Amino acid sequence: MSPANAAARRATVAILVLDSVVPFDLGVPLAVFGTAPFEGATAPYTVRVCATRRGPVSMAGAPPLLVSLGLGALASADTIIVPGIDDLDRPIPPRVCAALRAAYDRGARIASICTGAFVLAAAGLLDGRVATTHWRNAAALAERHPAVRVDPRVLYVDDGRLLTSAGVAAGIDLCLHLVRRDHGAAVANGVARRLVVAPQRAGGQAQFVEAPVPTDGGGLEPTRSWALQRLGAPLTLDALAAHARLSRRTFTRRFRAETGVSPLRWLVHQRVLVARHLLETTDEPVERIAARTGFGSALSLRLHFRGAMKT
């Protein structure tokens, strides 16, 4: 599906808030899909906040939120976002589950942020699928819903029309991923710039990174910058380790500690990002783009691109 066609289908975003909703998780889709990030252009999304019923909805650690729309808003939504909830012992109302199932059956795209995955799981939408949530709640999700294949390691999981994300900032990554799916990398990057966040973290990246990436140019950042300038070259693990003046083993360990992924996985991801940008913004043939980004052939580019789009 082209970005234009996808955008036409995903223009109305309904954010479903339940009692004990986490304010940050609610704020993320409001910020990403709202009008402010698309300054200078017509905002492609209409955002609606709805609840089980019209009226006040309790918020975790904050005053109640007054919501003017009920579950009927889900019936016409193209995309539904379910933010996290703080009280996981509160039963999910059966009519919420029924409304979510009906929305999915008619073709809506449904995504959860953090513990919002418990709501999707209660509706039976995640049965037999891979899903994620905040790593602290992953065991509880797996125990309560054994039919769900819970992966506590990743930032988000894209399973077509059902998406789940880890906690807190991972919701930003998921929402930017949706914008990228709908409108392409250039638009998503523009939204990220206006929100002053990273343009993309791959869904398969680890939730927990052992050591933060240095902000002063230290650590392995010089080697990553060196590699980004040579994506078209045949970069090997040995070459990367040699540039950092480390053994392969030490380099791999430190690289994973700083980024949460292996060096070669990081390299493929960077190449896919550049290739996607070139595919969307230039008329260069695929073979030429494959060569420029180090994939060697159009077939290799397509295989890696297809794999990256599943994360």
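In the predicted model, Thr 12 touches Thr 46, Arg 48, Ser 76, Ala 77, Asp 78 and Thr 79, when residues up to four places away in sequence are not counted. Thr 12 belongs to strand β1, which covers residues 12-16. The relative accessibility of Thr 12 is 14%. Because buried means under 20% relative accessible area, Thr 12 counts as buried. Four of the contacted positions, Ser 76, Ala 77, Asp 78 and Thr 79, are consecutive in numbering.

The structure holds twelve salt bridges. One of them pairs Arg 109 with Asp 182, and the closest N and O atoms of this pair are 2.9 Å apart. The two residues are in distant parts of the chain, 73 residues apart. Arg 109 is in strand β6 (residues 109-112), whereas Asp 182 is in helix α6 (residues 170-183). Arg 109 has a relative accessible area of 1% and is therefore buried. Asp 182 is likewise buried, with a relative accessible area of 1%. This salt bridge thus has a buried residue on the strand side and a buried residue on the helix side.

A further salt bridge is formed by Glu 258 and Arg 224, with the closest N and O atoms 3.0 Å apart. Here both partners are helical: Glu 258 lies in helix α10 (residues 248-259) and Arg 224 in helix α8 (residues 221-228). The pair therefore ties together parts that are 34 residues apart in sequence. Glu 258 counts as buried because its relative accessibility is 10%. Arg 224, at 5% relative accessibility, also counts as buried.

The salt bridge between Arg 288 and Glu 284 has partners of another exposure class. The side chains of these two residues meet at 3.7 Å, taken from N to O. Arg 288 has a relative accessible area of 47% and is partly exposed. Glu 284 is also partly exposed, with a relative accessible area of 23%. Both values fall between the limits of 20% and 50%, so neither residue is classed as buried or as exposed.

Salt bridges can also share partners. In this model, such shared bridges join Asp 19, Asp 87 and Arg 90 into one network.

Definitions and conventions
Residues are numbered from 1 along each chain as its sequence is written. This is a predicted model: local features need pLDDT of at least 70, side-chain atom pairs count only at pLDDT 80 or more; totals for chains, interfaces and linings use all residues. Side-chain values use heavy atoms; hydrogens and water are left out. Helices (H or I, at least four residues) and strands (E, at least two) are DSSP runs, numbered from the N terminus. Buried means under 20% relative accessible area, exposed over 50%, partly exposed in between (1.4 Å probe, protein chains only). Contact means heavy atoms within 4.5 Å. A salt bridge is a side-chain nitrogen of Lys or Arg within 4 Å of a carboxyl oxygen of Asp or Glu.
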